[in-house]
Amino acid sequence: MQTTALDKIPPRRVVIADDSAEMRWLVRNLVRDHFDLLVEVSDGRGLMWELLRSSYANSPPPALVISDLAMPAYNGLDVLEAWRDLHPHIPLIVITAFPEPEVYDRARHLGAYVLAKPFTTTAMRKAIAEVKRG
């Protein structure tokens with residue numbers, strides 16, 4: 001079987017982390033037309049493993065990470081701060097029901113976009129456009 005140039009392009013993957021199945025469903029439906037592969041995790045530990053796996057398993061990093069702040073096991077910002085040194089240019093969106101000044105400060109330090117819950121589909125699309133622009 002011959003490989004083509006298209007076969008060598010890694011799939012554009014987004015990682016969605018939220019402990020709410022409904023929120024993951026909403027985000028998945030908002031982004032599914034823009035990415036080839038969607039990976040969902042339900043807590044901070046799952047997010048950490050998914051991001052580390054992409055860093056060390058000889059696979060391309062995600063094209064975008066969308067993470068809730070308050071999740072079981074590990075806080076989304078804690079995971080993203082720990083992982084950021086490995087991939088400083090991956091777009092990040094932090095979604096939170098607790099948009100306190102400290103959250104914005106930590107996210108800004110990471111270059112992440114903060115999106116307060118509840119949000120509209122327009123607001124999520126705007127956030128994706130903003131982080132993709134860099």
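Q: Which elements do the buried residues of H4 pack against?
A: Let's start with helix H4 in this predicted model. Val103, Arg106, Ala107 and Leu110 are the buried residues of H4. They cover an arc of only 95 degrees around the axis, which puts them on the same side of H4. What these buried residues pack against is H3, S4 and S5.

Q: Which exposed residues does the face of H4 turned away from its buried side carry?
A: Here we look across the helix from the buried set, which consists of Val103, Arg106, Ala107 and Leu110. The face turned away from that buried side of H4 carries exposed residues, and these are Pro101, Arg108 and His109.

Q: What is the order of the strands in the open sheet of 5 strands?
A: The pairing in this open sheet is parallel. Its edge strands, each pairing on one side only, are S2 (37-41) and S5 (113-116). Neighbouring strands are turned by 15 degrees against each other on average, direction ignored. From one edge to the other, the order reads S2-S1-S3-S4-S5.

Q: About how many degrees does the direction of helix H4 make with that of S5?
A: Helix H4 (residues 101-110) packs on the sheet, where it touches strand S4 (92-96) as well as S5. Taking the direction of H4 against that of S5 gives about 145 degrees.

Q: Is strand S3 largely enclosed by the rest of the structure or left open?
A: Try one side of the strand and then the other: Leu64, Ile66 and Asp68 are buried on one side, and Val65 and Ser67 are buried on the other. That makes both faces of S3 covered. Since 5 of the 5 residues of S3 are buried, the strand is largely enclosed.

Q: Which residue stands opposite Ser67 of S3?
A: Ser67 lies in strand S3 and is buried, with a relative accessible area of 0%. Strand S3 (residues 64-68) runs parallel to strand S1 (residues 13-17), and 4 bridges join the two. Further along this pair, Ile16 stands opposite Ile66. The residue opposite Ser67 is Ala17.

Q: What is the bridge partner of Asp68 in S4?
A: S3 also pairs with S4, in the parallel sense and over 4 bridges. Asp68 is one of the buried residues of S3. Its bridge partner in S4 is Ile95.

Q: Which element gives the most residues to the largest nonpolar core?
A: This core has 22 residues, and Leu47, Leu51, Val65, Leu77, Leu80 and Leu92 touch the most other members. S1, S2, helix H2 (44-56), helix H3 (76-84), S4 and H4 each supply at least two residues. With 4 residues, the element that gives the most is H3.

Q: Which residues does Leu77 touch, not counting residues up to four places away in sequence?
A: Leu77 is among the residues of the largest nonpolar core that touch the most other members. Several of its contacts belong to H4, whose buried residues are Val103, Arg106, Ala107 and Leu110. Leaving out residues up to four places away in sequence, Leu77 touches Leu69, Val94, Val103, Arg106, Ala107 and Leu110.

Q: What covers the buried residues of H2?
A: The buried residues of H2 are Gly44, Leu47, Met48, Glu50, Leu51 and Ser54. They lie on the same side of H2, because they cover an arc of only 165 degrees around the axis. The face turned away from them carries the exposed residues Trp49 and Tyr56. What covers the buried side includes S1, S2, S3 and H3.

Q: Is the peptide bond from Lys117 to Pro118 cis or trans?
A: Pro118 has its place in the loop between S5 and helix H5 (121-133). Omega for the bond from Lys117 to Pro118 is near -10 degrees, and the bond is cis.

Q: Near what value is phi of Ala73?
A: Ala73 sits in the loop between S3 and H3. At 46% relative accessibility, this residue counts as partly exposed. Its phi is positive, in a residue other than glycine, with a value near 75 degrees.

Note on methods. Residues numbered from 1 in each chain as written. Predicted model: local features only at pLDDT ≥ 70, side-chain atom pairs only at ≥ 80, totals over all residues. Heavy atoms only, no water. Pairing = 2+ DSSP bridges. Axes fitted to C-alpha atoms, helices over the stretch in contact; angles between N-to-C directions. Contact = heavy atoms within 4.5 Å. Core = buried A, V, L, I, M, F, W, Y, C linked by side-chain atoms within 4.5 Å. Buried < 20%, exposed > 50% of the residue type's maximum accessible area, 1.4 Å probe, protein only. Arc of directions from axis to C-beta.
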